[in-house]
2 protein chains.
Amino acid sequence: MQRAKILIVEDDPPLAELLHWHISQAGFDVIATADGEEALLLIEEERPDLVILDWMIESLSGIEVCRRIRRMGEMASLPVIMLTARSAEDDRLRGLETGADDYVTKPFSPAELVLRVKAVLRRTRPAVSGEMLKVGSITMDTSGYHVARDGEPVQLGPTEYRILRYLMERPGRVLSRMQLLDGVWGRDSDIEIRTVDVHIRRLRAAMNGDGKKDIIRTVRAAGYSLNP
Amino acid sequence: MQRAKILIVEDDPPLAELLHWHISQAGFDVIATADGEEALLLIEEERPDLVILDWMIESLSGIEVCRRIRRMGEMASLPVIMLTARSAEDDRLRGLETGADDYVTKPFSPAELVLRVKAVLRRTRPAVSGEMLKVGSITMDTSGYHVARDGEPVQLGPTEYRILRYLMERPGRVLSRMQLLDGVWGRDSDIEIRTVDVHIRRLRAAMNGDGKKDIIRTVRAAGYSLNP
DNA sequence: GGCGGTTGTAACAAAACTGTCGCGGATCGG
DNA sequence: CCGATCCGCGACAGTTTTGTTACAACCGCC
């Protein structure tokens, strides 16, 4: 199972270190910064799966960071958990309004935070939390690398598996070849963009074995998506 | 945003009431029953958007209800969240194979259940996820590139799609050919201005399939606009 | 080193879409 | 009613985008 990458944005060094330890102890990869501007850069470059964001940080308020994340286009759906000092209803509301997925009020137990992280990941990225993915008639066991259609197991090559997984994590959404290259091959791979087509074809061939309906929709000039 | 209707099938009265309260508190319309047979009837009549189904109910096991829902034709794609007592991997598999969209193992927090409900709805009904454009009887799912009129899907070419999107983002406003050229083709394209007409015609042809009313208004000497 | 399976590319074929033209009907202001 | 525009329509050739196939390089593994 692929480990989820968590970005911690916290400018109080002792607390940052505490969080770092507990989160990585729970089996996540951790990157950290104390600075809001840097956080935005790190999000671009490291593509974390979730951000833990202190409401009160120096260079840029947490709420502003959150707002900017929501305007980042490709990363706009990045889950954010806010750490707030007060539990005032007011703050909770404002936090959720700017697009935080959850919030934790200080003081909190690290264990609780870890639980929340897992819950949010389970909700937003089922695959990283080791659960079963299901879209239509297709099921994928992400821990055992098993894929089935209508209960019938399907044999997939590694790349086909990764493409399918990427699609199943975003069912119905049309993904451009560029997005697929980034998501499946990695951000910095100099692969021909048309190569995506070939693998899509292979994935189709493997999944539509009998005379079954095609599971992948081609959207001209846009990309591919999983059929509902 | 239109409220989603949730059907709860749970035969333990205290738990049913608890669920009822939390789900409706979260802003959903709730209907409930303790009986499997009745659940199927309610689905036919009330057309809920999602079903929360206890694995162990009396008259008909949850798993059997789920199976029948999947054979209901029109309602076959109804999302189902299963409540299971055990967390055995085995049950998870069986649950997903019979067509549940998600499952929650008891004990669970009502908050988590609400999160899952929202997550499943987001996945199955893009209308709730804010990436949906609506103007009159036309809906456009911008993340999945789906366009529908009166619920009927409409097939559009790339340029027609971009024009319609541009229009839907500015409903009612009259846009000159020049504006459309800038907005849809890009500021620096040396396209004949009359080409806009042709694409508008193609868009019309695609959208007014049956004898439906024209969705685009021609404003002589000014341009085009979307009809309200 | 040989082997089965996988991967990235190139090249070609097929399909879908695009832009342009010219014609004729519609509309408008006198 | 008339001329001047403006707009809708059908056709069409050119382009772009996608599907398909074949092939050489590569990989881990024995």
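**Entry 1: helix 6 against helix 8 in chain A**

I began with the packing of two helices in this predicted model, and I found that helix 6 of chain A and helix 8 of chain A pack at an angle of about 90°, with their axes 9 Å apart. That angle makes helix 6 of chain A roughly perpendicular to helix 8 of chain A, since angles of 65 to 115 degrees count as such.

I then looked up which residues make this contact: from helix 6 of chain A they are A:T159, A:E160, A:I163 and A:L164, and they meet A:H199, A:R202, A:L203 and A:A206 in helix 8 of chain A. Sorted by class, the residues of this contact come to 4 nonpolar, 2 polar and 2 charged.

**Entry 2: what helix 6 of chain A buries**

Next I listed the buried residues of helix 6 of chain A, which are A:E160, A:Y161, A:I163, A:L164, A:R165, A:L167 and A:M168; I note that the charged residues A:E160 and A:R165 are on that list. As for what covers these buried residues, I noted strand 6 (132-135), strand 7 (138-141), strand 8 (146-149), helix 7 (177-185), helix 8 and strand 11 (223-226) of chain A among the elements involved.

I followed A:L164 further and, leaving aside its neighbours within four places in sequence, found it in contact with A:M140, A:V147, A:L156 and A:L203. Of these partners, A:L203 is also one of the residues through which helix 8 of chain A meets helix 6 of chain A.

**Entry 3: the nonpolar cores**

Which residues touch the most other members of the largest nonpolar core? In this core of 42 residues they are A:L164, A:M168, B:I163 and B:L164, so the core draws on both chains. Helix 6 of chain A gives the largest share of this core, 5 residues. I also recorded a second, separate core of 31 residues, whose members include A:V30, A:V51, A:I57 and A:L121.

**Entry 4: A:M207**

I turned to A:M207, which lies in helix 8 of chain A, and asked myself whether it is buried or exposed. A:M207 counts as buried because it has 20 C-beta neighbours inside 10 Å, and 20 is the lowest count that qualifies. Apart from neighbours within four places in sequence, A:M207 is in contact with A:R149, A:V154 and A:I215. For a long separation I checked A:M207 against A:R71, 136 residues apart along the chain, and their C-alpha atoms are separated by 36 Å.

**Entry 5: chain A overall**

I counted 8 helices and 11 strands in chain A, and I noted that buried residues make up 35% of its 228 residues. Among contacts in chain A between residues at least 6 apart in sequence, 52% join residues at least 24 apart.

**Entry 6: chain A against chain B**

The contact between the two chains takes 15 residues from chain A and 14 residues from chain B. On the side of chain B that touches chain A, I found that helix 4 (89-97) and helix 5 (110-124) of chain B are the elements that give two or more residues, and that helix 5 of chain B supplies the largest share, 5 residues. By class, this side of chain B has 6 nonpolar, 2 polar and 6 charged residues.

**Entry 7: the DNA strands**

Around DNA strand C I found 20 residues, of which A:G157, A:T159, A:E192, B:T159 and B:E192 come nearest. Helix 6 (158-168) and helix 8 (195-207) of chain A, together with helix 6 (158-168) and helix 8 (195-207) of chain B, each supply at least two residues of this surface, and its classes are 8 nonpolar, 6 polar and 6 charged.

Around DNA strand D there are 14 residues, and those that come nearest are A:T218, A:R220, B:R201, B:T218 and B:R220. The elements giving two or more residues to that surface are helix 8 of chain A and helix 8 of chain B; by class I noted 6 nonpolar, 2 polar and 6 charged residues.

**Entry 8: positive phi in chain B**

Most residues other than glycine have a negative phi, so I noted two exceptions in chain B. B:R47, with phi near 50°, sits in the loop between helix 2 (36-46) and strand 3 (50-54) of chain B, and it is exposed, with 12 other C-beta atoms within 10 Å. B:A221 has a positive phi of about 65° and lies in the loop between strand 10 (216-219) and strand 11 (223-226) of chain B, where it is exposed, with 5 other C-beta atoms within 10 Å.

Technical notes. Residues are numbered from 1 along each chain as its sequence is written. Chains are lettered from A and ligands numbered from 1 in the order in which they are written. This is a predicted model: local features need pLDDT of at least 70, side-chain atom pairs count only at pLDDT 80 or more; totals for chains, interfaces and linings use all residues. A residue is near a molecule or strand if its C-beta atom, placed from the backbone, lies within 6 Å of it. Helices (H or I, at least four residues) and strands (E, at least two) are DSSP runs, numbered from the N terminus. Two residues are in contact if their C-beta atoms, placed from the backbone, lie within 7 Å. A nonpolar core is a set of buried Ala, Val, Leu, Ile, Met, Phe, Trp, Tyr and Cys residues joined through C-beta atoms within 7 Å. Axes are lines fitted to C-alpha atoms, for helices over the stretch in contact, and angles run from 0 to 180 degrees between N-to-C directions. Angles under 35 degrees count as roughly parallel, over 145 as roughly antiparallel, 65 to 115 as roughly perpendicular and the rest as oblique.
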